[in-house]
Amino acid sequence: MGYELASLINADLAMLKVDARSLAADAMAPVQPPLATAQPALSFANSMRDALHAVDDKDRMAADRMAEVDSGRSDDLVGAMLASQEASLSFSMLLQVRNKVMGAVEDLIKLPL
């Protein structure tokens, strides 16, 4: 049972790696709002994918606000710095969740049959 669960988690992690690579490739693509459709079944991979997209969106927004301040189009330096800190904290939180999941996967793999 431990190996089955570990293989499912490894499959989810593999899907997350693919999604992370596609995010890097689509970094310049404009963000489009999601279509109103039926809710898919909740899964760990979907939750992590959504969190990854949210962190990426915050990082893009912070970078845009900093670019506006740098170019002189905006004088909201405090807002830009807060957005940058929020993006940094979001990334740190996501990284900690990833580390906890990887530790749990390692523990599951070590379970005896």
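Biologist: Which residues is I9 in contact with, once its neighbours within four places in sequence are left aside?

Modeller: V105 and L108. Bear in mind that this is a predicted model. Contact here takes heavy atoms within 4.5 Å, and those two residues pass that test with I9.

Biologist: What makes I9 part of a nonpolar core?

Modeller: The label asks for buried residues of the nonpolar kinds, joined through side-chain atoms within 4.5 Å. The largest such set has five residues: I9, L13, V101, V105 and L108. Helices α1 (2-25) and α3 (77-109) each give two or more of them, and α3 supplies the largest share, three residues.

Biologist: Switching to α2, why is D56 called buried?

Modeller: Buried means under 20% relative accessible area. D56 comes in at 18%, so D56 counts as buried. Other buried residues in α2 include A45, M48 and V55.

Biologist: And how do you know that R60 forms a salt bridge with D56?

Modeller: The cut-off is a side-chain nitrogen within 4 Å of a carboxyl oxygen. For R60 and D56 the closest N and O atoms are 3.1 Å apart, so the pair qualifies. Both sit in helix α2, four residues apart, about one turn of the helix.

Biologist: What makes E86 and K58 a salt bridge?

Modeller: Their closest N and O atoms are 3.5 Å apart, which falls within the 4 Å limit. E86 belongs to helix α3 and K58 to helix α2, so this pair ties together parts that are 28 residues apart in sequence.

Biologist: Why is K58 called partly exposed?

Modeller: Partly exposed lies between the 20% and 50% marks. K58 has 28% relative accessibility, so that is the class for K58. E86, at 40%, counts as partly exposed too.

Biologist: Where do D76 and R65 lie?

Modeller: Their side chains meet in a salt bridge, 2.8 Å from N to O. D76 is in the loop between α2 and α3, while R65 is in helix α2, so the pair ties together parts eleven residues apart in sequence. D76 has 33% relative accessibility and counts as partly exposed; R65, at 28%, does as well.

Biologist: How do you know that α2 has close to its expected span?

Modeller: Helix α2 covers residues 44-71, 28 residues in total. From first C-alpha to last, α2 reaches 40 Å, close to the 40 Å expected at 1.5 Å a residue. Just after α2, G72 takes a positive phi of about 90°.

Methods:
Residues numbered from 1 in each chain as written. Predicted model: local features only at pLDDT ≥ 70, side-chain atom pairs only at ≥ 80, totals over all residues. Heavy atoms only, no water. Buried < 20%, exposed > 50% of the residue type's maximum accessible area, 1.4 Å probe, protein only. Expected span 1.5 Å × (residues − 1).
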